[in-house]
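Please keep the model open while you read this note, and check each point against it as you go.

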Amino acid sequence: MTDPAPSAVRLEGPWTHRDVAANGARFHIAELGDGPLVMLVHGFPQFWWAWRHQLVALADAGFRAVAMDLRGVGGSDRTPRGYDPANLALDITGVIRSLGEPDAALVGHDLGGYLAWTAAAMRPKLVRRLAVVSMPHPRRWRSAMLRDRRQTAAASYIWGFQRPWIPERQLTADNGALVGRLIRDWSGPRLPDDKSVETYQRAMCIPSTAHCSIEPYRWLVRSLARPDGIQFNRRMKRPVRVPTLHLHGSLDPVTRTRSAAGSGEYVEAPYRWRLFDGLGHFPHEEDPVGFSAELVNWLKDPEPDR
């Protein structure tokens, strides 16, 4: 399958673009630098470009930084199925293997954070460190969505995604205007510039992207009472046994701090919680300098439990 809109996602910069095969599909990556691998995984409604600042900062700090597009998004294959979190996590670990690396420090935001938690539990030998942004552990997420009325209300967009076809049409209407509104509404006072927002809007309007972006959330909700969802929740009891950095914006309106805090109970390794005051759901873009410094310092810290 060829890239349907290379100009919309293969954006120019100091990084290089290429495709890698993993887990039965083709994935687009942007990479920069040499050294230990740091794999960056985006969330909704974004694609690899969300990590443009961190690619540079990590490369400057001596790391091989790779930002991938998830299945169905950006320049990666849009397959008809395979959007459950276990398979999406295997996409990530498969890309790590395809890059010829023994392991990676895995950094995930939003849905990418959910998948990073999952990958660390399912394929622990391939994840040497874990950093999660704006997303609780999957078991904490499930509990909050079912028991915390405020979190249920904050994530109302996820419930809206359960309708057929309508969410896809809403995301792509008016050249992706809803994507821009979501990113601005979910950010703190440091709003993104118009050019950045337009970039995300264009990427969402690539054919089939909206549908593929929504499918993981449909699985998350519809599987809550199904055997496959219950089985996945049980699998996530397996503790994370690598040093973990948990980053969150204090003003995040869609993932409450209360929901994310406490995820350390599923980590049997050094766990560091960092709350960014005055930032919203996208701390890596709202304060790229501060965020990148926090991440790089932790990655370089030989004793991350301090």
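The points below go from the whole chain to two helix pairs and then to a single residue.

1. Please bear in mind throughout that this is a predicted model. Its protein chain has a secondary structure of 14 helices and eight strands, and the C-alpha atoms fill a box of roughly 50 × 45 × 40 Å when this is taken along the principal axes.

2. On overall form, a compact globule of 306 residues would have a radius of gyration near 19 Å, and the protein chain, with 18 Å, agrees with that expectation. Buried residues make up 62% of the 306 residues. Among the contacts in the protein chain with a separation of 6 or more, 75% are accounted for by residues 24 or more positions apart.

3. The first helix pair to look at is α2, residues 52-60, with α14, residues 288-300, whose axes come within 10 Å and cross at roughly 40°. Angles under 35 degrees would count as roughly parallel, and α2 and α14 are therefore oblique to each other; their crossing is right-handed. On the α2 side the contact is made by H53, Q54, A57 and L58, which meet P288, F291, S292, L295, V296 and L299 in α14. Sorted by class, this contact of α2 with α14 has seven nonpolar and three polar residues, and no charged ones.

4. The next pair is α8, residues 166-186, with α9, residues 194-204, where the axes come within 8 Å and cross at roughly 130°. Angles over 145 degrees would count as roughly antiparallel, and α8 and α9 are therefore oblique to each other, with a right-handed crossing. From α8, the residues L171, T172, N175, G176, A177, V179, G180, I183 and R184 meet D194, V197, Y200, Q201 and M204 in α9. By class, the contact of α8 with α9 has seven nonpolar, five polar and two charged residues.

5. Finally, consider T93, which has its place in helix α3, residues 85-98. Is T93 buried or exposed? Its relative accessible area is 2%, and because buried means under 20%, T93 is classed as buried. If its neighbours within four places in sequence are left aside, T93 is in contact with A119, R123 and L126. How far apart in space are T93 and R139? From C-alpha to C-alpha, T93 and R139 are 21 Å apart, while in sequence 46 residues separate them.

Technical notes
Residues are numbered from 1 along each chain as its sequence is written. This is a predicted model: local features need pLDDT of at least 70, side-chain atom pairs count only at pLDDT 80 or more; totals for chains, interfaces and linings use all residues. Side-chain values use heavy atoms; hydrogens and water are left out. Axes are lines fitted to C-alpha atoms, for helices over the stretch in contact, and angles run from 0 to 180 degrees between N-to-C directions. Helices (H or I, at least four residues) and strands (E, at least two) are DSSP runs, numbered from the N terminus. Angles under 35 degrees count as roughly parallel, over 145 as roughly antiparallel, 65 to 115 as roughly perpendicular and the rest as oblique. A crossing is left-handed if the near helix is turned anticlockwise from the far one by less than a right angle, and right-handed if clockwise. Contact means heavy atoms within 4.5 Å. Ala, Val, Leu, Ile, Met, Phe, Trp, Tyr, Cys and Pro count as nonpolar, Asp, Glu, Lys and Arg as charged, and the others, Gly among them, as polar. The radius of gyration is taken over C-alpha atoms; the globule rule is 2.2 Å times the number of residues to the power 0.38. Buried means under 20% relative accessible area, exposed over 50%, partly exposed in between (1.4 Å probe, protein chains only).
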